Amino acid sequence: MAIIKAEKVSKKVVIVGNLNRQKIVNSLLENPVKISEFAGYTAYTGKYGNEYITTVFHGIGIPSLTLVTDDLISLGAREIVRFGSATAVSDSMEPGTVVLPIGYSYNPGGTFKQYLNSDFSMALTPDFDLLASEREKLNNANIKTEIGNVFTSDALFTHTPEFIKKLSETGHIAVELEGAGLYFISRLKNVRALSVHLIYSNAVTGKSMEQNNINESENKIAKTILDLLTEKD
């Protein structure tokens with residue numbers, strides 16, 4: 001089932017799970033034009049510098065993200081950056097930090113099992129050059145950044161303090177909803193991918209960002225992502 005109802009998309013794409021975040025990215029593009037809308041999934045293409053960028057709302061959860069990502073790749077996407085949020089599981093991480101996952105852990109089964117039709121697991125990692133370049137851009141913008149392992153969960157509201165502690169003790173720095181799906185599909189389809197997460201809150205300390213600070217931070221982060229996708233290879 002095709003969710004992106006367009007003849008083609010740009011080679012470089014930003015995907016988001018929050019419509020307001022898509023508006024923020026679109027506001028930085030020149031003449032963003034809606035190229036697809038289906039069941040709430042919207043896609044726009046606009047120009048940034050000398051290149052065209054497509055932005056897409058991927059919905060919530062791994063199955064939703066993987067359907068959208070598969071569509072994008074079939075329509076021509078070759079570099080995909082997911083701009084999302086996450087919750088910190090380390091008491092030392094302040095909300096407002098940006099996390100770049102060097103790898104995702106995930107629950108076995110579901111989408112992964114059905115795609116692979118096998119019991120083996122895959123190492124879910126980003127394109128290293130994208131990660132290194134985005135880290136440099138964030139640092140140059142004076143945005144605090146952490147690189148580490150992130151856990152993708154299908155059920156954030158079921159997590160107990162004991163589970164959060166276990167994630168931290170096993171080397172995870174954050175938890176979120178969909179990122180493992182992007183790294184999974186990108187590896188299967190041989191495209192470049194990276195996730196960029198703004199930490200909205202900390203599950204250990206209870207601290208969280210105010211909405212006005214979220215909007216300000218996401219505007220700055222969106223610019224670094226667009227700069228990343230439009231720099232010379």
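# A tour from Val-81 outward

Select Val-81 first: with a relative accessibility of 0%, this residue counts as buried. The model on screen is a predicted one. Val-81 sits in strand β5, which covers residues 79-88.

Now show what surrounds Val-81. Setting aside residues up to four places away in sequence, Val-81 touches Val-13, Val-14, Ile-15, Leu-194, Val-196, Ile-225, Leu-228 and Leu-229. For a distance label, pick the C-alpha atoms of Val-81 and Thr-158: these are 28 Å apart, for a separation of 77 residues along the chain.

**The whole chain**

Zoom out and colour by secondary structure. The protein has seven helices and nine strands. Its C-alpha atoms fill a box of roughly 45 × 45 × 35 Å along the principal axes. How does the radius of gyration compare with that of a compact globule? For 233 residues such a globule would have a value near 17 Å, and the protein has 17 Å, so the two agree.

Colour by accessibility next. Of the 233 residues, 52% count as buried. The accessible surface comes to about 11100 Å², and carbon and sulfur atoms hold 49% of that surface. A contact map is also useful here: among contacts with a separation of 6 or more, 77% are between residues 24 or more positions apart. For the charges, mark the 23 positive and 26 negative ones; the mean positions of the two sets are 4 Å apart.

**The nonpolar cores**

Select Ile-4, Val-14, Leu-72, Leu-124 and Ile-221. Within the largest nonpolar core, which has 65 residues, these touch the most other members. Helix α7, residues 211-230, gives this core its largest share, seven residues. A second core, separate from this one, has five residues, among them Val-89, Phe-151, Leu-167 and Val-175.

Return to Leu-72 and display its contacts. Beyond its neighbours within four places in sequence, Leu-72 is in contact with Ile-4, Val-9, Val-13, Ile-15, Val-56 and Ala-77. Val-13 and Ile-15 have already appeared on this tour, as residues that Val-81 touches.

**Helix α6**

Select residues 179-189. Why is helix α6 described as largely enclosed by the rest of the structure? Eight of its eleven residues are buried, and therefore the description applies. To highlight the buried ones, pick Gly-179, Ala-180, Gly-181, Leu-182, Tyr-183, Phe-184, Ile-185 and Ser-186.

Leu-188 also lies in helix α6. Is Leu-188 buried or partly exposed? Its relative accessibility is 37%, so Leu-188 counts as partly exposed. With neighbours within four places in sequence left out, the contacts of Leu-188 are Tyr-115, Leu-116 and Met-122. Between the C-alpha atoms of Leu-188 and Leu-116 the distance is 9.4 Å, with their positions 72 residues apart along the chain.

Step past the end of the helix to Asn-190, which follows α6 and has a positive phi, near 60°.

**Two more asparagines with positive phi**

Most residues other than glycine have a negative phi. Go to Asn-31, where phi is positive, near 50°. Asn-31 has its place in strand β2, residues 30-38. The relative accessible area of Asn-31 is 59%, so this residue is exposed.

Next select Asn-142, which is not a glycine but has a positive phi of about 60°. Look for Asn-142 in the loop between α4 (128-140) and β7 (145-152). Asn-142 is exposed, because its relative accessible area is 72% and the exposed class begins over 50%.

**A buried loop residue**

Move along to Ser-153, in the loop between β7 and α5 (161-169). Is Ser-153 buried or exposed? Its relative accessibility is 3%, so Ser-153 counts as buried. Apart from neighbours within four places in sequence, Ser-153 is in contact with His-159, Val-175, Glu-176 and Leu-177. Of these, Val-175 was named above as one of the residues of the second core.

For a last distance label, pick the C-alpha atoms of Ser-153 and Ala-141. The two residues are twelve apart along the chain, and these atoms are separated by 30 Å.

Technical notes: Residues are numbered from 1 along each chain as its sequence is written. This is a predicted model: local features need pLDDT of at least 70, side-chain atom pairs count only at pLDDT 80 or more; totals for chains, interfaces and linings use all residues. Side-chain values use heavy atoms; hydrogens and water are left out. Buried means under 20% relative accessible area, exposed over 50%, partly exposed in between (1.4 Å probe, protein chains only). Helices (H or I, at least four residues) and strands (E, at least two) are DSSP runs, numbered from the N terminus. The radius of gyration is taken over C-alpha atoms; the globule rule is 2.2 Å times the number of residues to the power 0.38. Contact means heavy atoms within 4.5 Å. Accessible areas come from the Shrake-Rupley method with a 1.4 Å probe; for residues, only the protein chains shown count as cover. Lys and Arg count as positive and Asp and Glu as negative; His and the chain ends are not counted. The place of a charge is taken as NZ of Lys, CZ of Arg, CG of Asp or CD of Glu. A nonpolar core is a set of buried Ala, Val, Leu, Ile, Met, Phe, Trp, Tyr and Cys residues joined through side-chain atoms within 4.5 Å.
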